[in-house]
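Student: Could you take me through this model by asking, for each label, what value stands behind it?

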Amino acid sequence: MNYKLILISFLFIGIISCKKESGTKVLYLGHSLPQTHPVHKGILEFQKALEKKSNGTLKVKIFPDGQLGSEREVLELLQIGSVAATKVSAATLSNFVPEYHILGIPYLFKDKEHQFEVLEGKIGKSILEKGSKFWLRGLCYYDAGSRSFYTSNKAIRTPDDLKGLKIRVMNNQMAINMVNALGGSATPLSYGELYTAIQQGVVDGAENNPPSFVSSNHYEISKYYTLDQHSSIPDVLLIGTKYWDSLTEQEQGWVQAAADESAQAEKIFWNESVEECMAIAKKAGVEVIIPDKSLFAEKSQSVVEEFLKEFPEMASIVNEIKNN
């Protein structure tokens, strides 16, 4: 912990002074993913593209693997200007910027094409900009796939199969409400504790995308994977407004263009990773179940209704997305 505090203090001094090395500005970017993850590969593309566009005058120093703390901790570092950029799930970001809650609505998108038409269009860009008033400027969205249920001892083929099962979820109200609406017992739990929790029967399963299911080794102890694809929550590449405002207009243009390029590259990395991870899971004996998703969508409708009661001002955005 002392090491982390020393490192963050160093970064704070570097960012505040717009640290330059031979005329080069350094953008510090921290995130919690492993270096094998497709989103990290997307961030590497951002790093390369920005250096190329700026002729080496803007460089990105990446701190992966949670070196600078959890997603929430790094977001707070962005807000005070100690770190320049990060990648977080839109679910985590919704605790800071309410509009990101919308992207966690179950079965919001018809398919992948519809999702990115929305995210890369007027609605998605508007949500990215909403974060600026909270010192968190969105640059682009990264594909984080669709979340589906996996369990250790009982297959989930219909929502009724969730009854009595303790399912680990993120500490996010939308995710909690969704699992409970489907008949399960939502159990918020740290991701780092999940392997042991499944192994020891503390929870019966969890929900996540294929790369996370495999990279976490949860496929070793969860032999049923039900592709109900209940939510498609993207990751978001963010830059702190304190750092953004220190850049010239030209530099800001380079950063945004590099982010946009990296988002397109990351989609390819993501698709390749999903294919590879599904093959690994099947080879390990995981039964992959393709359920009737309409049954899950119907039972989760109450979650949408509850959300719109709490945030009636967001109804027009939700309707616009569904009619897109």
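Tutor: What follows sets computed values beside the definitions that give them their names.

Student: How do you know what kind of model this is, and which atoms and numbers apply?
Tutor: It is a predicted model, in which local features need pLDDT of at least 70 and side-chain atom pairs count only at pLDDT 80 or more, whereas totals for chains, interfaces and linings use all residues. Residues are numbered from 1 along each chain as its sequence is written, and side-chain values use heavy atoms, with hydrogens and water left out.

Student: Why does the radius of gyration of the chain agree with that of a compact globule?
Tutor: The radius is taken over C-alpha atoms, and the globule rule is 2.2 Å times the number of residues to the power 0.38. For 324 residues a compact globule would have a value near 20 Å, and the chain has 20 Å, so the two agree. Along the principal axes, the C-alpha atoms fill a box of roughly 60 × 40 × 35 Å.

Student: What is counted as a helix or a strand, and how many of each are in the chain?
Tutor: Helices (H or I, at least four residues) and strands (E, at least two) are DSSP runs, numbered from the N terminus. On that basis the chain has 14 helices and 12 strands.

Student: Why is L237 called buried or exposed?
Tutor: Buried means under 20% relative accessible area, exposed means over 50%, and partly exposed lies in between (1.4 Å probe, protein chains only). L237 has 0% relative accessibility and therefore counts as buried. This residue lies in strand β11, and, leaving aside neighbours within four places in sequence, L237 is in contact (heavy atoms within 4.5 Å) with residues including L29, F46, R137, L139 and A259. The C-alpha atoms of L237 and A263 are separated by 9.0 Å, although these residues are 26 residues apart along the chain.

Student: D235 is in strand β11 too; which label does its relative accessible area earn?
Tutor: D235 has a relative accessible area of 7%, and is therefore buried. Leaving aside neighbours within four places in sequence, its contacts include L33, K87, S89, C140 and Y142. D235 and C140 are 95 residues apart in sequence, and their C-alpha atoms are 8.6 Å apart in space.

Student: What makes F269 buried, exposed or partly exposed?
Tutor: The relative accessible area of F269 is 21%, so this residue is partly exposed. F269 has its place in helix α11 (residues 249-283), and it touches P38, K41, G42 and E45, not counting residues up to four places away in sequence. F269 and L139, 130 residues apart in sequence, are 19 Å apart in space, C-alpha to C-alpha.

Student: What is called a nonpolar core, and how many residues has the largest?
Tutor: A nonpolar core is a set of buried Ala, Val, Leu, Ile, Met, Phe, Trp, Tyr and Cys residues joined through side-chain atoms within 4.5 Å. The largest has 55 residues, and those with the most contacts inside it are L93 and Y100. Helix α7 (residues 173-181) gives the most to this core, with five residues. Apart from it lies another core, of 27 residues, with L58, C140, Y142 and I239 among them. As for L93, its contacts, leaving aside neighbours within four places in sequence, are L75, V88, Y100, L136, V236 and L238.

Student: What is notable about phi in N217, and in Q229?
Tutor: Phi of N217 is near 65 degrees, a positive value in a residue other than glycine, and Q229 has a positive phi of about 50 degrees although it is not a glycine. N217 lies in the loop between α9 (210-215) and β10 (224-231), whereas Q229 lies in strand β10. N217, at 33% relative accessibility, counts as partly exposed, and Q229, at 32%, counts as partly exposed.

Student: How do the axes of helix α13 and helix α14 lie, and which residues make the contact?
Tutor: The axes of α13 (residues 301-310) and α14 (residues 315-322) come within 10 Å and cross at roughly 140 degrees, where axes are lines fitted to C-alpha atoms over the stretch in contact, and angles run from 0 to 180 degrees between N-to-C directions. Q301, V304, F307 and L308 of α13 make the contact with A315, V318 and K322 of α14.
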